[in-house]
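Biologist: I am new to this structure and would like a close look at a single part. Please take the packing of the helices and go through it slowly.

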Amino acid sequence: MVNESPPTTPVCYRHPDRETYVRCTRCDRPICPDCMREASVGHQCPECVNEGRRSVRPARTAFGGGETGRQGYVTRTLLGLNVAMMLLSVGSAVVGGRPLLDVLLRGGTPLTEWGSVLGLALLSDGTVGGVADGDWYRLVTAMFLHYGLVHLLLNMWALWVLGRTLEAALGPLRFLALYLIAGLGGNVAVYLFSPANQPSAGASTAIFGLFAAIFVIMRRLGRDTSAIVPILVVNLIFTFTVPGISIAGHLGGLVVGALMGLVLAYAPRGRRTLFQAAGSAIILVALIGAVLVRTAALTG
């Protein structure tokens with residue numbers, strides 16, 4: 001006589017007190033309703049789902065950036081930073097006794113005096129300052145400061161329109177690099193070609209870089225660029241005809257933005273990230289070299 005053991009009911013491998021007849025389609029272990037994760041066919045256990053997620057490569061844009069660029073987080077952060085700097089700038093002037101309306105219309109404040117691009121000049125407190133005197137930070141801070149509310153609104157509108165498109169195409173990090181290096185390039189051009197005692201500030205150095213880059217990138221993607229050219233031409237006309245606008249800053253940002261666009265858009269696919277990083281670094285080193293030459297000329 002043979003004694004047969006009674007058949008056992010399968011139980012969930014994670015919850016031994018729960019009976020189940022459903023198995024993971026990937027590892028074939030029994031899973032209860034709380035452990036079931038819907039899959040393309042049947043259900044999977046939590047461990048198999050997590051393993052599958054780790055094996056899936058994150059989606060990338062055509063230029064190697066992350067898909068999170070579609071959310072526009074960097075564009076929004078840059079907008080917020082510019083607005084915050086404007087509020088601080090207005091506050092610094094109002095505390096000093098200047099009328100609010102005058103500050104909003106004209107925009108010169110203690111903060112813009114501190115952070116604008118300035119080669120070398122006598123400051124309001126009687127001291128000498130400027131990039132040539134060691135204030136290299138001005139080449140960066142100037143792209144976040146503005147002379148008045150109209151100046152700020154025009155640049156922020158352009159940043160909102162151009163930034164979201166470019167960030168979605170490039171990804172957050174590549175877009176941020178484009179913005180900062182183009183803005184720096186415009187400010188370096190101001191330092192090189194403007195009078196040493198003439199201050200300059202505004203995000204337009206970076207904005208003109210975005211104009212040039214979006215033209216290059218849209219052409220690389222085979223998209224229509226006919227709408228970009230007229231807007232760029234109009235902005236260039238304003239640059240050369242409206243008094244007080246920094247021609248050097250706008251053209252410098254335009255040139256450096258175009259170079260960055262070429263580096264980001266035409267990097268070979270096999271070594272795209274390396275080529276993009278190296279190209280950006282070369283542009284950055286060239287800008288630093290130009291600053292050193294100009295500083296030597298002003299202080300020598």
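Modeller: What follows is an account of one helix and its partners, then of another helix pair and a salt bridge.

This is a predicted model, in which local features need pLDDT of at least 70, side-chain atom pairs count only at pLDDT 80 or more, and totals for chains, interfaces and linings use all residues. Residues are numbered from 1 along each chain as its sequence is written, and side-chain values use heavy atoms, with hydrogens and water left out.

The UniProt record, an unreviewed entry, places "domain: Peptidase S54 rhomboid" at residues 134–265. UniProt positions are in the numbering used here, feature names are shortened, and annotations may be inferred rather than shown by experiment. Residues 134–265 are 74% helix and 0% strand, with end C-alpha atoms 35 Å apart. Helices (H or I, at least four residues) and strands (E, at least two) are DSSP runs, numbered from the N terminus. The same kind of record, again unreviewed, lists "transmembrane region" at several spans, among them 144–163 and 248–267. Residues 144–163 are 75% helix and 0% strand, and their end C-alpha atoms are 15 Å apart. For residues 248–267 the span is 90% helix and 0% strand, and the end C-alpha atoms lie 28 Å apart.

Helix 6 covers residues 149–170 and packs with helix 8, residues 204–220, at an angle of about 40°, the axes being 10 Å apart. Axes are lines fitted to C-alpha atoms, for helices over the stretch in contact, and angles run from 0 to 180 degrees between N-to-C directions. Helix 6 and helix 8 are therefore oblique to each other; angles under 35 degrees count as roughly parallel, over 145 as roughly antiparallel, 65 to 115 as roughly perpendicular and the rest as oblique. The crossing of helix 6 and helix 8 is left-handed, a term for a near helix turned anticlockwise from the far one by less than a right angle. Residues in this contact include Leu 159 and Leu 162 of helix 6 and Phe 211 and Ile 214 of helix 8, where contact means heavy atoms within 4.5 Å. By class, the contact of helix 6 with helix 8 has 13 nonpolar, 3 polar and no charged residues. Ala, Val, Leu, Ile, Met, Phe, Trp, Tyr, Cys and Pro count as nonpolar, Asp, Glu, Lys and Arg as charged, and the others, Gly among them, as polar.

Helix 6 also meets helix 2 (residues 73–95), with axes that come within 9 Å and cross at roughly 170°. Helix 2 and helix 6 are therefore roughly antiparallel. Among the residues in contact are Arg 76 of helix 2 and Glu 167 of helix 6. This contact of helix 2 with helix 6 divides into 10 nonpolar, 3 polar and 3 charged residues.

Helix 7 (residues 172–193) packs with helix 11 (residues 272–299) at about 20°, with axes 10 Å apart. Helix 7 and helix 11 are therefore roughly parallel.

Last, Glu 47 and Arg 14 form a salt bridge (4.0 Å, N to O), defined as a side-chain nitrogen of Lys or Arg within 4 Å of a carboxyl oxygen of Asp or Glu.
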